[in-house]
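Student: Could you take me through one part of this model up close? I'd like to look at the largest cavity and what lines it, once you've set the scene.

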Amino acid sequence: MVENITYENMSPRQKVAALLIALGPGTASEILKNIRDEDMLEQITYDIASLNKIPTDILNSVLQEFHSLFLASDYLSSGGTAYARTILEKAYGAEHAQKMLSRLMTLLTKNPFQFFNEADPTQLAQSFQNENPQLIALILAYLKPEISAKVLNSLPPEVQAQVAFKIADMSSTNPEIIAEIEKIVEGKFSSVVAQDFSKAGGVGALASILNRTDRGTEKNVLEYLEMRSLELAEGVRELMFVFEDILQLKDNAIQRIIREVDMKDLAISLKGVRDEIKEKIYHNMSERAQTMLQEELEYMGPVRAKEVQEKQTKIVGIIRMLEAAGEIIITRDTQEDEYIE
């Protein structure tokens, strides 16, 4: 049991534990189910057990802190810093509003595990091999994708696949908890050390990493994901080549894709996209086909965003199918690809 506790000397993890106590067992249990890191889960549950009989004034201060941060975060994301400041000053006064924004901006702008971005990826992989895949996944989710890709390439295949699965299956983590983990990790890996809290991990992060790995790593990871969760695997596949990546394709690949795509689907998919994407398509069409496509776009009128997305997804599916059949090559941001004449 923690004695003589005050709001000022509480650690971030203890504040999380206090919040869970205040929310009650039903809600707390649902939150704890979503904490994937077993060590962190054990630490938080230990704090819950240790924080017996929290004084009402301390509990109210903790609740107010979280409530303020959540409100400030919502205002910040919906209207920017100026909007958040205006609303918060009206509600709490200028001084308190400044404190809230300063703390929130510190949490949102600090890059966790930044020190690993300067380390040698191969050496990092060697140091990580005996670590829990969940910890490795957490670190890689926050590093630059190109660094994470190199580390993933160097891990043993079985570890590689487990780490990739955990990145894809990862949900957002409280930034203060991340800060606690970061302190421990930095000390542990100090001999080898040289993005945003709200959206690290998940299928998007893994897709970004895999887009930069070699094809052997990509194949191994996706096969493992398919065995563990077909939904996750499909989610990653869908994000590994997005419609805007058409700009990266060579002209002969574009021409091959156009032959497989319905003209009306192509026209809908081009609604609202950047002019350079349209020009890339026009450049690889005959003059007659280009005129037809431009007329289709001109007279089509407004199209629901959902329908545009559906057609773009359909075309991306065709692109992946052609790549799988070896009929086109998707250029990757990696030096691993080799061409054989």
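Tutor: Let's start from the outside. The chain exposes about 18600 Å², and carbon and sulfur atoms supply 50% of that area (accessible areas come from the Shrake-Rupley method with a 1.4 Å probe, and for residues only the protein chains shown count as cover). Bear in mind that this is a predicted model, where local features need pLDDT of at least 70, side-chain atom pairs count only at pLDDT 80 or more, and totals for chains, interfaces and linings use all residues. Residues are numbered from 1 along each chain as its sequence is written, and side-chain values use heavy atoms, with hydrogens and water left out.

Of the 341 residues in the chain, 44% are buried (under 20% relative accessible area, with exposed being over 50% and partly exposed in between, using a 1.4 Å probe and protein chains only). As for the fold, you'll find 18 helices and 0 strands (DSSP runs numbered from the N terminus: H or I of at least four residues for helices, E of at least two for strands).

Now for your cavity. The largest one has a volume of about 60 Å³. Here a cavity is a set of points, on a 1 Å grid over the protein atoms alone, where a 1.4 Å probe fits but cannot get out, and lining residues have an atom within 4 Å of a point. Grid points are joined across faces, edges and corners, and the volume is the space filled by probe spheres set on the points.

Who lines this cavity? F243, I246, I254, I257, I258, V261, L266, I281 and I315 do. That lining splits into 9 nonpolar residues, no polar and no charged ones (Ala, Val, Leu, Ile, Met, Phe, Trp, Tyr, Cys and Pro count as nonpolar, Asp, Glu, Lys and Arg as charged, and the others, Gly among them, as polar). Helix α14, residues 251-260, gives the largest share of the lining, with 3 residues.

Two contacts along the chain round off the picture. D251 has its C-alpha 6.4 Å from that of N284, although they are 33 residues apart along the chain. N284 sits in the loop between α16 (275-283) and α17 (287-300), and its 9% relative accessibility makes it buried. Similarly, the C-alpha atoms of K250 and I330 are separated by 8.4 Å, with their positions 80 residues apart along the chain. I330 is in the segment after α18 (305-324) and counts as buried at 4% relative accessibility.

Note on methods. 1 Å grid on protein atoms, 1.4 Å probe; cavity = no way out; pocket = protein on both sides within 12 Å on 5 of 7 lines; lining within 4 Å.
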